[in-house]
Amino acid sequence: MAQPAHGSTTAAPGPRVPEPRFRITRDGLRASMWFWPSCASLAALLVTLLLMPVRPGDDVAWARWIWPTGVDAASSLLQTVATSVMTAVTVTFSLTVVALQLASQQFSPRLLREFARDVRTQAVLGVLLGTFLVSITGLHGMDADRPVPVLVVGLVYVLGIASGIVLLLFIGHIARSLRVDTMMRSAHQSCLAVLRDTYPLSETGEVQEFPVPDGGTLVPVGRSGIVQTVDWKPLMAALEKHGLKMRIMVQPGDHVTLGSPVARVWADDGGTVPLAAVRNALAESLEIGYERTPEQDAALGLRQLTDIAVKAISPSINDPITAAHATGYCADLLVDLQRRRLGPEAHQDAHGVQRLVTDGRDYRYFLDLVCGPVRRFAHSEPIVLTAVLRLLRDCAATAVNESQRAELRRQNSLVLETARNQMVAADDEEIRDMGRRVEEALAGNLTAAFTDRAGETRSV
């Protein structure tokens with residue numbers, strides 16, 4: 001049996017930390033296709049019930065302007081709209097399911113959440129379902145012995161026209177969404193926003209290091225899953241209350257299993273750690289689910305783009321140009337990362353005492369995330385290998401410290417080693433030339449790195 005590290009103690013896994021059976025989060029609501037359409041449907045139902053008592057007589061001018069005929073014609077209109085809208089809802093759901101299947105099979109299963117989060121799709125479903133509820137509720141309130149509820153009929157008339165318009169717009173939106181360029185742009189923009197929220201700007205691109213003291217108690221996690229978010233504020237309150245210091249060893253995007261250590265904690269006075277309180281505070285701070293979410297997971301967008309590249313060069317797809325374009329989007333994100341402060345982050349309490357350190361990723365992690373899978377799957381495809389080297393050249397031209405240059409040099413040598421004995425002479429020469437350009441960019445000779453005959457080192 002493995003022994004704990006020198007000077008440290010390992011807490012027994014113990015009973016599973018109780019977790020809420022149903023936890024509502026803002027991201028969970030955004031990613032659900034039912035929440036906002038349900039809200040729109042309930043709002044439409046309430047508006048209909050409020051408008052139903054408005055039944056002016058036939059001699060009221062404004063009422064005849066809204067609906068000049070009787071109850072039978074109004075009932076026919078509501079029946080027609082309800083039937084048509086339900087058909088449109090069926091078409092909308094069918095198109096959405098097809099889009100999800102295509103995105104999963106041809107591009108990446110990690111793109112499905114983006115389709116579910118699509119505001120336009122949720123808005124279209126909300127309009128259609130709201131129109132249906134208004135129609136059938138108004139139809140239920142029709143009475144041949146009473147005047148027509150003209151405001152309800154007018155609302156159905158307006159919503160019917162709106163439903164036809166949004167359905168046409170939705171078909172165009174789905175057609176655009178299924179384009180791989182749209183998916184790559186969406187993943188790129190989402191990842192860029194997370195990078196800007198997660199990592200502060202730094203002209204030197206430093207990776208922070210915080211020494212770990214000897215000893216400490218390892219804290220096991222109370223459930224299995226993927227870390228989605230880390231909310232350090234409630235944890236800081238518990239640490240300050242009990243006089244503790246902690247280093248969280250996991251971060252958003254990591255997979256954890258029940259009983260595995262996720263943090264190490266120390267008592268200020270060297271005494272006993274109140275493990276039960278620490279585990280409860282940690283369970284409250286770590287949001288653990290069954291899938292990765294983009295809120296704090298800066299690597300998810302790069303993973304999605306890498307998935308698209310790997311899928312594109314698979315034998316079933318065989319589309320190296322798409323793979324090259326995906327690496328281009330990754331290059332932009334990696335360049336942005338170079339001027340950000342990576343690595344762990346420290347958090348202080350109200351008295352300025354450093355209580356918590358959260359782990360963070362470094363530049364090598366992100367480079368390996370992108371270059372590794374693409375390089376391995378494209379070992380015999382010069383277009384994609386050249387695209388990876390182009391990515392490295394672009395990053396080398398903007399690297400801000402020697403650590404980044406060393407990682408780029410390492411990746412360059414790995415790509416060249418992968419291509420060895422896999423290419424014909426002409427392709428091998430092209431790849432070696434791009435490898436040389438990476439080295440020139442690393443040395444600061446950008447003229448030699450980017451000057452070519454006809455733009456062939458920039459295009460695919």
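**From a buried glutamine outward**

Gln-411 is buried in this predicted model, with a relative accessible area of 0%, a value that falls under the 20% limit used for calling a residue buried. The residue belongs to helix α15, which covers residues 402–419. Leaving aside residues up to four places away in sequence, Gln-411 touches Leu-367, Asp-368, Cys-371 and Leu-392; with one of these, Asp-368, Gln-411 has a C-alpha separation of 7.9 Å, although the two are 43 residues apart along the chain.

Leu-392 leads from there into the nonpolar interior. With the same exclusion of residues up to four places away in sequence, Leu-392 touches Leu-367, Cys-371, Leu-408, Gln-411, Asn-412, Val-415 and Val-438. The largest nonpolar core has 57 residues, and those touching the most other members are Leu-302, Leu-334, Leu-337, Leu-391, Leu-392 and Leu-408. A second core, separate from that one, consists of 25 residues, among them Leu-77, Val-81, Ala-88 and Leu-159. In soluble globular proteins, nonpolar side chains tend to be buried together.

Nonpolar residues also appear on the surface, where Tyr-157, Val-158, Ile-161, Ile-165 and Leu-169 form a patch with about 520 Å² of accessible area together. Of these, Val-158 lies in helix α7, which spans residues 150–177.

The strands offer another part of the picture, for 3 of them form an open, antiparallel sheet in the order β5-β3-β7. Its edges are β5 (255–256) and β7 (286–289), each of which pairs on one side only. Strand β3, residues 225–230, is joined to β5 by 2 bridges and runs antiparallel to it, and Ile-226 stands opposite His-255 in β5.

Technical notes: Residues numbered from 1 in each chain as written. Predicted model: local features only at pLDDT ≥ 70, side-chain atom pairs only at ≥ 80, totals over all residues. Heavy atoms only, no water. Patch = residues over 30% accessible without salt bridge, like charges linked within 9 Å, V, L, I, M, F, W, Y side chains within 5 Å. Areas by Shrake-Rupley, 256 points an atom, 1.4 Å probe, with all protein chains shown as cover. Salt bridge = Lys/Arg side-chain N within 4 Å of Asp/Glu carboxyl O. Helix = DSSP H or I, 4+ residues; strand = E, 2+ residues; numbered from the N terminus. Core = buried A, V, L, I, M, F, W, Y, C linked by side-chain atoms within 4.5 Å. Buried < 20%, exposed > 50% of the residue type's maximum accessible area, 1.4 Å probe, protein only. Contact = heavy atoms within 4.5 Å. Pairing = 2+ DSSP bridges.
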